[in-house]
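Below are some questions and answers for a reader new to this structure. Please look at the sequence and the model before reading on.

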Amino acid sequence: MVQAKKIALIVIVVFVMYTIITSPERAADLVQVGFEGVSSAAQGIGDFMSELVK
């Protein structure tokens, strides 16, 4: 089971590296979308907590 996790991790890392090398613009777009999603989620949680305190 541990080796399966290692192999899966290596495959994911290789895929990410391949994607970045072959299409850096697309990779940058995907990273930007990911960060925007995390930022929106954090802001939503912050707004929820602020309203909870009021």
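Q: Does M17 count as buried, partly exposed or exposed, and what is the relative accessibility behind that?
A: This is a predicted model, and M17 has its place in helix α1. Buried means under 20% relative accessible area and exposed means over 50%, with partly exposed in between. M17 falls between these limits and so counts as partly exposed, at a relative accessibility of 48%.

Q: Which residues make the nonpolar surface patch of about 420 Å²?
A: M17, in helix α1, is one of the residues of this patch. Another is I21, which also lies in helix α1, the helix of residues 2-22. The full set is L9, V13, M17 and I21.

Q: Why does I21 count as exposed?
A: Exposed means a relative accessible area over 50%. I21 is over that cut-off and therefore counts as exposed, its relative accessibility being 65%.

Q: How many helices and how many strands does the protein have?
A: Residues 2-22 form helix α1, and residues 24-53 form helix α2. The protein has no strands, so by the definition of helices and strands as DSSP runs the count is two helices and zero strands.

Q: What is the radius of gyration of the protein, which is more spread out than a compact globule?
A: For 54 residues the globule rule gives 10 Å. The value for the protein is well over that, so the protein is more spread out than a compact globule, with a radius of gyration of 18 Å.

Q: What share of the 54 residues is buried?
A: A residue is buried at under 20% relative accessible area. P24, in helix α2, does not meet this, because at 42% it counts as partly exposed. M1, in the segment before α1, is exposed at 77%. Of the 54 residues in the protein, the buried share is 4%.

Q: How far apart in space are M17 and A27, C-alpha to C-alpha?
A: M17 is in helix α1. M17 and A27 are ten residues apart in sequence, and their C-alpha atoms are separated by 9.8 Å.

Q: What is the separation of the C-alpha atoms of P24 and S39?
A: P24 lies in helix α2, which covers residues 24-53. P24 and S39 are 15 residues apart along the chain, and their C-alpha atoms are separated by 22 Å.

Terms used:
Residues numbered from 1 in each chain as written. Predicted model: local features only at pLDDT ≥ 70, side-chain atom pairs only at ≥ 80, totals over all residues. Heavy atoms only, no water. Helix = DSSP H or I, 4+ residues; strand = E, 2+ residues; numbered from the N terminus. Rg over C-alpha atoms; globule rule 2.2 N^0.38 Å. Buried < 20%, exposed > 50% of the residue type's maximum accessible area, 1.4 Å probe, protein only. Patch = residues over 30% accessible without salt bridge, like charges linked within 9 Å, V, L, I, M, F, W, Y side chains within 5 Å. Areas by Shrake-Rupley, 256 points an atom, 1.4 Å probe, with all protein chains shown as cover. Salt bridge = Lys/Arg side-chain N within 4 Å of Asp/Glu carboxyl O.
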